[in-house]
Amino acid sequence: MARDMSDKEILKMELDQLKVEVNTPRIAVSTTAPEIIAFVEGLSAEDPLVKGVPEDKNPFKEKGGCIIT
């Protein structure tokens, strides 16, 4: 895509992106970190990566073995 564009068009796109980023509201990490921690801890009981998946509901469990005779 960038190969089809002139340098002027590319610079205009970059300038437009920077204008958007300047107007984006910023919040300090020290303010949002406790909220993020509370959110993650609140959902951790339902998280399969933390809790694990029961064997009967595991879609990746081996269905059967291969027997070589």
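What radius of gyration does the chain have, and what would a compact globule of 69 residues have? The chain has 25 Å, whereas a compact globule with that number of residues would have a value near 11 Å. Keep in mind as you look around that this is a predicted model.

Let's start with the overall outline. If you follow the C-alpha trace along its principal axes, the chain spans about 70 × 45 × 15 Å. Now trace the chain from its N terminus: the elements run α-α-α. In other words, you will find three helices and zero strands.

Next, think about inside and outside. How much of the chain is made up of buried residues? The share is 0% of the 69 residues. Here a residue counts as buried when its relative accessible area is under 20%. The chain exposes about 7,000 Å² in total, and carbon and sulfur atoms supply 62% of that area.

Now pick out helix 1, which covers residues 7-22. Two charged residues are worth finding here, Asp16 and Lys12, which sit four residues apart, about one turn of the helix. As a general idea, side chains of opposite charge can pair when their charged atoms come close. In this helix, the side chains of Asp16 and Lys12 meet in a salt bridge, with 3.2 Å from N to O. A search of the whole structure finds one salt bridge. The two partners can also be described by their accessibility. Asp16 counts as partly exposed because its relative accessibility is 32%, a value between the limits of 20% and 50%. Lys12 counts as exposed, because its relative accessibility is 52%.

What about charge across the chain? There are 9 positive and 13 negative side chains, and the centres of these two sets lie 4 Å apart.

Moving on, find helix 2, made of residues 29-43. A good landmark here is Phe39, which lies in this helix. Is Phe39 buried or exposed? Phe39 has a relative accessible area of 56%, so this residue is exposed; the cut-off for that word is over 50%. Phe39 also belongs to a nonpolar surface patch of about 400 Å², which is made together with Ile36, Val40 and Leu43.

Finally, use Phe39 as a starting point for a look further along the chain. Val53 is 14 residues away in the sequence, and the C-alpha atoms of Phe39 and Val53 are separated by 21 Å.

How values were computed
Residues are numbered from 1 along each chain as its sequence is written. This is a predicted model: local features need pLDDT of at least 70, side-chain atom pairs count only at pLDDT 80 or more; totals for chains, interfaces and linings use all residues. Side-chain values use heavy atoms; hydrogens and water are left out. Patches are made of residues with over 30% relative accessible area and no salt bridge: like charges are joined within 9 Å, nonpolar side chains (Val, Leu, Ile, Met, Phe, Trp, Tyr) within 5 Å. Accessible areas come from the Shrake-Rupley method with a 1.4 Å probe; for residues, only the protein chains shown count as cover. A salt bridge is a side-chain nitrogen of Lys or Arg within 4 Å of a carboxyl oxygen of Asp or Glu. The radius of gyration is taken over C-alpha atoms; the globule rule is 2.2 Å times the number of residues to the power 0.38. Buried means under 20% relative accessible area, exposed over 50%, partly exposed in between (1.4 Å probe, protein chains only). Lys and Arg count as positive and Asp and Glu as negative; His and the chain ends are not counted. The place of a charge is taken as NZ of Lys, CZ of Arg, CG of Asp or CD of Glu.
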